[in-house]
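User: I've just opened this one and don't know my way around yet. Could you walk me through it with some questions and answers?

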Amino acid sequence: MTANAQTSQTDSVTTVFAVTGMTCGHCEGAVAEEIGGLAGVSSVKAEAASGKVTVVSAAPLDEEAVRAAVDEAGYELVGKA
């Protein structure tokens, strides 16, 4: 099963989004937690310094769903970076 998990990882989609308002590690965690709750998301890395959020998912994400998740965390999605 491990080999299959690694193989399916190569089929993933990586998308970088620009988010405004993040200033610290707590901000990064809040954004990552909300986006991480979306269906198909396997990893999220938020970087307050750059305002970029890198998301790895099984399929391309609906930008409006990502926007809603970022809004729920209290920040603003600018769009794809």
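Here is a short back-and-forth on this predicted model.

User: What pattern of helices and strands does the chain follow along the sequence?
Analyst: Start with the parts: the chain has three helices and four strands. Put in the order of the sequence, they give the pattern α-β-α-β-β-α-β.

User: How confident is the predictor on average, as mean pLDDT of the chain?
Analyst: Go easy on residues 1–8, where the pLDDT is below 50. That stretch also has zero contacts in the model beyond near neighbours in sequence. Across the chain, 88% of the residues reach 70 or more, and the mean pLDDT is 90.

User: What share of the contacts with a separation of 6 or more comes from residues 24 or more positions apart?
Analyst: For some background, the chain has 81 residues, and 31% of them count as buried. Among contacts with a separation of 6 or more, the part from residues 24 or more positions apart is 64%.

User: Which residues of α3 are buried?
Analyst: Helix α3 covers residues 63–73. Its exposed residues Glu64 and Glu72 sit on the face turned away from the buried side. The buried ones are Val66, Ala69, Val70 and Ala73.

User: Why do the buried residues of α3 line one face of the helix?
Analyst: In general, an α-helix has 3.6 residues a turn, so residues three or four places apart point the same way. The residues in question here are Val66, Ala69, Val70 and Ala73. They line one face because, looking down the axis of α3, they fall within an arc of 95°.

User: Which elements do the buried residues of α3 pack against?
Analyst: We've met the buried side of α3, with Val66 among its residues. The packing partners are a helix and two strands: α2 (25–36), β1 (13–20) and β4 (76–80).

User: Which residue with a positive phi follows α3?
Analyst: Helix α3 runs over residues 63–73. What comes after the helix has a phi near 100°, and that residue is Gly74.

User: How many salt bridges does a search of the whole structure find?
Analyst: Side chains of opposite charge can pair when their charged atoms come close. One such pair is Lys45 with Glu47, whose closest N and O atoms are 3.4 Å apart. Lys45 is exposed at 51% relative accessibility, while Glu47 is partly exposed at 30%. Over the whole structure, the search gives three.

User: Which residues are linked in a network of salt bridges?
Analyst: Look at Arg67 in α3: Glu63 is four residues away, about one turn of the helix, and Glu64 is three residues away, also about one turn. Arg67 bridges to Glu63 with closest N and O atoms 3.4 Å apart, and to Glu64 with 3.5 Å. Arg67 is partly exposed at 24%, as is Glu63 at 26%. The linked residues are therefore Glu63, Glu64 and Arg67.

User: How many disulfides does the structure hold, and how far is the sulfur of Cys24 from the closest cysteine sulfur?
Analyst: Cys24 is partly exposed at 34% relative accessibility, whereas Cys27 is buried at 6%. A disulfide needs the sulfur atoms within 2.5 Å. The sulfur closest to that of Cys24 belongs to Cys27, and the gap is too far for a bond. So the count is zero disulfides, with the two sulfurs separated by 3.5 Å.

User: Is Thr15 buried or exposed?
Analyst: Thr15 is found in strand β1. Leaving out residues up to four places away in sequence, Thr15 touches Val53, Thr54, Val55 and Lys80. Under 20% relative accessible area is the cut-off for buried. Thr15 comes in at 12%, so the answer is buried.

User: In which sense do strands β2 and β3 pair?
Analyst: Strand β2 covers residues 41–47, strand β3 covers residues 52–57, and six bridges join them. For one example, Ser43 has Val56 in β3 as its bridge partner. The sense of the pairing is antiparallel.

User: Which residue takes a positive phi in the hairpin of β2 and β3?
Analyst: The hairpin has four residues between the strands. The residue asked about has a phi near 75°, and its name is Gly51.

Notes: Residues are numbered from 1 along each chain as its sequence is written. This is a predicted model: local features need pLDDT of at least 70, side-chain atom pairs count only at pLDDT 80 or more; totals for chains, interfaces and linings use all residues. Side-chain values use heavy atoms; hydrogens and water are left out. pLDDT is the predictor's confidence in each residue, from 0 to 100. Contact means heavy atoms within 4.5 Å. A salt bridge is a side-chain nitrogen of Lys or Arg within 4 Å of a carboxyl oxygen of Asp or Glu. Buried means under 20% relative accessible area, exposed over 50%, partly exposed in between (1.4 Å probe, protein chains only). The arc is that of the directions from the helix axis to the C-beta atoms. Two strands pair if DSSP finds at least two bridges between them.
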